[in-house]
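Trainee: I have a new structure on my screen. Can we go through it step by step?

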Amino acid sequence: MRVTTSKEQDVRIVFAGTPEVAVPSLQRLIESPDHEVVGVISRPDAVAGRGRKVSRSPVAELADANGIEVITPRRMAEPDVADTLRGWQPDVGAVVAYGGLIPPDVLGIPTHGWINLHFSVLPAWRGAAPVQAAIAAGDETTGASTFLLEKGLDTGPVYGVLTEMIRPADTSGELLERLARAGSGLLMSTVDGIAAGALSPVPQPADGVSHAPKVEVDDARVRWDLPAHLVDRRIRAHTPAPGAWTTLGDARVKIGPVDLVEGDDPAAPTELAPGRVAVTKKAVFVGTGTGPVRLGWVQPPGKKQMPATDWARGARLDDETVLA
C-alpha cells in the first residue's frame with residue numbers, strides 16, 4: 001500500500017537500471033506527480049541483433065524520450081560519476097537490474113541511500129538470476145523485495161515484500177514480466193515511505209539464504225539424462241534468455257518449453273532413451289531420464305523459431321536421431 005508523504009516538494013530520484021525489466025519502475029516514477037527523476041544511470045550502449053547495431057539500453061531509451069539526463073559509465077567507480085550524482089542532489093537512489101556494482105563513495109550520495117528492487121523474497125535467491133533459479137528449483141512461489149543497498153550482495157535490510165505464484169507453465173520471461181509490473185508499485189511505495197519517515201528497513205533473517213549466480217550459456221544446455229520434470233524446469237528457467245539449447249550433430253539448436261507426456265498418451269513412445277528422438281505426424285518426442293517429453297518450438301542456427309514438427313521434416317529427423 002502506498003504511503004502518503006507530508007513533504008512539500010517532489011522526491012528527487014536517481015534511477016539505475018538497464019534492461020526491459022527495469023522499464024516499468026522507471027516509467028511509473030516518471031509518471032508520478034510526486035517524484036522527479038533527476039538522472040538515470042545505465043549500462044553503456046551495446047552491439048545487438050543480427051545487424052550488429054549499437055543500441056541504447058531500454059532504460060536509457062525511455063529516459064531519452066522523457067528528456068532525462070543519462071550517463072552510461074563502464075564502471076560506477078569512475079570519478080565523474082560521483083561528481084554528476086552530487087550535482088543531481090538526489091533524495092533517493094533506485095536500482096532495478098542495473099548490472100553493475102555501486103561503490104561505497106557512490107552509495108552515500110543520495111540522502112536516504114539506494115533502494116534496490118530485487119526479484120525474489122529475500123534472503124532466498126540472492127544474486128543475478130533469482131527468477132531463473134526459482135523456476136529451476138521448482139519453487140511454487142516467489143516475489144520481489146525492496147532493500148537498502150549495502151556492500152554485501154543483496155544482504156541489506158528489507159523495506160517491503162510482495163509474493164507471486166509461479167504457474168506450472170511459466171517461463172522466466174513471463175514470470176519476470178509480472179514481477180516487474182508488480183514490483184514497480186512496491187518500489188514507489190518504498191520510496192514514499194522513506195521520504196515520509198514512515199518506513200524503516202528490517203534485517204534479513206539468517207536462515208533461508210540461497211544464491212542465484214549469473215546464468216551462463218553453458219548452464220542453459222539441456223541434460224536429457226535428467227528426469228522429465230527437471231528437463232521441463234531447466235528449459236522454462238532459461239526461456240527466453242539465454243535460451244535453452246541442445247545439439248544435433250555439430251549444430252547448436254535452441255528449444256522452447258516442452259510438454260510433459262501423460263502416461264495414457266497413445267501417441268507417445270513408451271520407451272525412449274535420453275536424447276533419442278521419435279517423430280510422428282503431429283509431434284516430436286525426446287527421451288529423458290524418466291520418460292519422453294514433447295517438443296514445442298525449435299530454432300535452428302541462423303533461422304527463426306518454428307514448430308518442432310516443421311523442424312523435424314526439414315532436418316529429416318528419424319528414430320536414430322539423438323540430441324545431446
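Mentor: Here are short questions and answers on this predicted model.

Trainee: Which strands stand at the edges of the open sheet of seven strands?
Mentor: Start with the order of that sheet, which is β5-β2-β1-β6-β7-β8-β9, with mixed pairing. An edge strand pairs on one side only. The edge strands are β5 (70–71) and β9.

Trainee: At that sheet's β5 side, what stands opposite I41?
Mentor: Strand β2 (residues 35–41) is joined to β5 by two bridges. The two strands run parallel. Opposite I41, in β5, stands I71.

Trainee: Which residue in β8 does H118 stand opposite?
Mentor: β7 and β8 run antiparallel, and four bridges join them. In β8, H118 stands opposite S145.

Trainee: And in β9, what is the bridge partner of G143?
Mentor: Strand β9 covers residues 158–165, and seven bridges join β8 to it. These two strands run antiparallel. The bridge partner of G143 is T163.

Trainee: How many of the residues of β8 are buried?
Mentor: Buried means under 20% relative accessible area. By that cut-off β8 is mostly covered. Of its eight residues, the buried ones number six.

Trainee: Is L148 buried, partly exposed or exposed?
Mentor: L148 has its place in strand β8. Its relative accessible area is 24%. Buried needs under 20% and exposed needs over 50%. So L148 is partly exposed.

Trainee: How far apart in space are L148 and Y159?
Mentor: In sequence they are 11 residues apart. Yet L148 is in contact with Y159, and also with others, including W114 and I115. From C-alpha to C-alpha, the distance is 7.3 Å.

Trainee: Why is helix α5 largely enclosed by the rest of the structure?
Mentor: Helix α5 covers residues 130–137. Its buried residues are P130, V131, Q132, A133, A134 and I135. What covers them includes β7 (114–118), β8 (141–148), α6 (172–195) and α7 (228–237). The helix is largely enclosed because the buried residues number six of the eight.

Trainee: What phi does G138 take?
Mentor: G138 comes just after α5. Its phi is positive, at about 80°.

Trainee: Are α1 and α2 roughly parallel or roughly antiparallel?
Mentor: Two packed helices are described by the angle between their axes and the distance between the axes. Helix α1 (residues 23–31) and helix α2 (residues 58–65) pack at about 20°, with their axes 9 Å apart. Angles under 35 degrees count as roughly parallel. That makes α1 and α2 roughly parallel.

Trainee: How many nonpolar residues does the contact of α1 with α2 have?
Mentor: α1 brings V23, L26, Q27 and I30, and α2 brings P58, V59, L62 and A63. One residue of the contact is polar and no residue is charged. The nonpolar count is seven.

Trainee: At what angle does helix α3 run to β2?
Mentor: Helix α3 covers residues 79–88. It lies across β1 (11–17), β2, β5 and β7. Its angle to β2 is about 170°.

Trainee: Which strands stand at the edges of the open sheet of four strands?
Mentor: The order in that sheet is β12-β15-β14-β13, with antiparallel pairing. Each edge strand has a single partner strand, so one side of it is left without a neighbour in the sheet. The edges are β12 (259–260) and β13 (277–279).

Trainee: In β15, what is the bridge partner of F285?
Mentor: Strand β14 (residues 284–286) and strand β15 (residues 293–294) pair over two bridges. Their pairing is antiparallel. The bridge partner of F285 is R294.

Trainee: What is omega for the cis peptide bond that joins T239 and P240?
Mentor: P240 is found in the loop between α7 and β10 (245–248). P242 is in that loop too, and the bond from A241 to P242 is cis, with omega near 0°. For T239 and P240, omega is about 10°.

Trainee: Is D154 buried or exposed?
Mentor: D154 has its place in the loop between β8 and β9. Its phi is near 55°, a positive value in a residue other than glycine. Its relative accessible area is 7%, and the cut-off for buried is under 20%. So D154 is buried.

Technical notes: Residues are numbered from 1 along each chain as its sequence is written. This is a predicted model: local features need pLDDT of at least 70, side-chain atom pairs count only at pLDDT 80 or more; totals for chains, interfaces and linings use all residues. Side-chain values use heavy atoms; hydrogens and water are left out. Buried means under 20% relative accessible area, exposed over 50%, partly exposed in between (1.4 Å probe, protein chains only). Contact means heavy atoms within 4.5 Å. Two strands pair if DSSP finds at least two bridges between them. Axes are lines fitted to C-alpha atoms, for helices over the stretch in contact, and angles run from 0 to 180 degrees between N-to-C directions. Angles under 35 degrees count as roughly parallel, over 145 as roughly antiparallel, 65 to 115 as roughly perpendicular and the rest as oblique. Ala, Val, Leu, Ile, Met, Phe, Trp, Tyr, Cys and Pro count as nonpolar, Asp, Glu, Lys and Arg as charged, and the others, Gly among them, as polar. Lists of a residue's contacts leave out its neighbours within four places in sequence.
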